[in-house]
Amino acid sequence: MQIFERHNSILVVLYIIFLFPVAYIYMFILGVFGSSKKKRILKQAKEKVQFDKFVEQEKCNTKASSVYMCANFFQALYLFFY
């Protein structure tokens with residue numbers, strides 16, 4: 001085999017004996033306990049919706065506070081000059 005000619009044969013054998021089983025066990029654990037692609041996409045969509053709602057709420061709060069400050073300013077001017 002060409003792989004044994006190009007690389008150290010001991011390392012190739014160790015790779016085949018130890019790393020392949022570890023990789024397969026890792027894939028099995030991910031397959032059993034990992035979240036599916038559909039669940040991950042759904043979770044990301046929910047997080048984005050929450051973030052968008054938070055941003056909209058902050059925009060409304062900022063606008064409301066600026067309108068309130070503006071009204072207070074004009075009210076203070078009115079009281080000052082009259």
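Reader: How do you know that the span of α2 agrees with its 25 residues?

Author: The expected span is 1.5 Å times one less than the number of residues, so the 25 residues of α2 should cover 36 Å, and the end C-alpha atoms are indeed 36 Å apart. This is a predicted model, where local features need pLDDT of at least 70, side-chain atom pairs count only at pLDDT 80 or more, and totals for chains, interfaces and linings use all residues. Residues are numbered from 1 along each chain as its sequence is written, and side-chain values use heavy atoms, with hydrogens and water left out.

Reader: What makes α2 a helix, and where is its kink?

Author: Helices are DSSP runs of H or I with at least four residues, and strands are E runs of at least two, numbered from the N terminus. Helix α2 takes in residues 9–33. Its kink is about 30 degrees, centred on Tyr-15; a bend is the angle between axes fitted to the seven residues ending at a residue and the seven starting there.

Reader: Which helix has the highest confidence?

Author: That's α2, with a mean of 86, while α1 (residues 2–6) is lowest at 66. The score is pLDDT, the predictor's confidence in each residue, from 0 to 100. For the chain, the mean is 78.

Reader: Why is the contact between Asp-52 and Lys-48 called a salt bridge?

Author: The rule asks for a side-chain nitrogen of Lys or Arg within 4 Å of a carboxyl oxygen of Asp or Glu. Here the closest N and O atoms are 3.5 Å apart, so the pair qualifies. Side chains of opposite charge can pair when their charged atoms come close. The two residues sit 4 residues apart in helix α3 (residues 37–81), so about one helical turn separates them.

Reader: Why is Lys-48 called exposed, and what about Asp-52?

Author: Buried means under 20% relative accessible area, exposed over 50%, and partly exposed in between (1.4 Å probe, protein chains only). Lys-48 has 52%, so it counts as exposed, whereas Asp-52, at 35%, is partly exposed.

Reader: How many of the chain's residues count as buried?

Author: Just 1% of the 82 residues do.
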